[in-house]
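Colleague: I am new to this protein and would like a close look at a single part, its nonpolar interior. Please take me through that part and show how the rest of the chain relates to it.

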Amino acid sequence: MPVVMARDLEETASSSEDEEVVSQDDHPCIMWTGGCRRIPVLVFHAEAILTKDNNIRVIGERYHLSYKIVRTDSRLVRSILTAHGFHEVHPSSTDYNLMWTGSHLKPFLLRTLSEAQKVNHFPR
């Protein structure tokens with residue numbers, strides 16, 4: 001399940017506390033924040049669309065990250081996410097890490113999101 005995999009990314013980083021902090025900086029798509037640098041933040045690179053770099057693609061594939069696009073056609077967002085190894089799920093699926101929507105979500109939908117699920121702040 002992709003939601004669990006996003007938490008696994010954080011646990012993988014914190015499970016080996018004996019390693020040096022420098023080892024967390026090895027991948028260009030992960031930036032570590034928070035106390036003791038334990039919270040992973042994905043950094044998206046627009047040039048990944050052109051370069052087709054497998055090193056960038058491996059993050060989404062390794063952690064089975066997924067996205068869905070709802071009520072909008074956003075080819076650029078789709079291209080960037082795919083270039084980073086995310087796979088697209090059906091718009092009615094609840095098994096995703098990122099939802100890109102073209103309109104504001106109802107409050108009850110926002111309350112049902114798990115900690116590992118994110119939604120674009122400004123529609124479109």
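Modeller: The largest nonpolar core has 15 residues, and those with the most contacts inside it are Ile59, Leu65, Tyr67, Leu81 and Phe86. Two or more residues come to this core from each of strand S1 (30–33), helix H3 (54–62), strand S3 (66–70) and helix H4 (75–83). H4 gives the largest share, 3 residues. The model is a predicted one. As a general point, nonpolar side chains in soluble globular proteins tend to be buried together.

Tyr67 is a useful residue to start from. Leaving aside residues up to four places away in sequence, Tyr67 touches Arg78, Leu81, Thr82, Phe86, His87, Glu88, Val89, Tyr96 and Leu98. Two of these, Leu81 and Phe86, are also among the residues with the most contacts inside the largest core. Another of them, Tyr96, belongs to a second, separate core of 6 residues, which also includes Met99, Leu105 and Leu113.

Phe86 leads on to the aromatic rings. The count of aromatic pairs comes to 1. Phe44 and Phe86 form this pair, with 5.8 Å from centre to centre and 50° between the planes, and it is classed as tilted. Phe44 lies in the loop between strand S2 (39–42) and helix H2 (48–51), and Phe86 in the loop between H4 and strand S4 (87–88), so the pair ties together parts that are 42 residues apart in sequence. The two rings differ in cover: Phe86 is buried at 7% relative accessible area, whereas Phe44 is partly exposed at 38%. A nonpolar core takes in buried residues, under 20% relative accessible area, so Phe44, at 38%, does not qualify for one.

The cysteines Cys29 and Cys36 also contrast in cover. Cys29 is buried, with a relative accessible area of 2%, while Cys36 is exposed at 65%. The structure holds 0 disulfides.

For the wider setting, the protein has 5 helices and 6 strands. Along the sequence they follow the pattern α-β-β-α-α-β-α-β-β-α-β. Of the 124 residues in the protein, 35% are buried. Among contacts between residues at least 6 apart in sequence, 51% join residues at least 24 apart. The protein exposes about 8,000 Å², and carbon and sulfur atoms supply 57% of that area.

Terms used:
Residues are numbered from 1 along each chain as its sequence is written. This is a predicted model: local features need pLDDT of at least 70, side-chain atom pairs count only at pLDDT 80 or more; totals for chains, interfaces and linings use all residues. Side-chain values use heavy atoms; hydrogens and water are left out. A disulfide is a pair of cysteine sulfur atoms within 2.5 Å. Buried means under 20% relative accessible area, exposed over 50%, partly exposed in between (1.4 Å probe, protein chains only). Helices (H or I, at least four residues) and strands (E, at least two) are DSSP runs, numbered from the N terminus. Contact means heavy atoms within 4.5 Å. Accessible areas come from the Shrake-Rupley method with a 1.4 Å probe; for residues, only the protein chains shown count as cover. A nonpolar core is a set of buried Ala, Val, Leu, Ile, Met, Phe, Trp, Tyr and Cys residues joined through side-chain atoms within 4.5 Å. Rings of Phe, Tyr and Trp (its six-membered ring) pair if their centres lie within 6.5 Å; planes under 30 degrees apart count as stacked, over 60 as edge-to-face and the rest as tilted.
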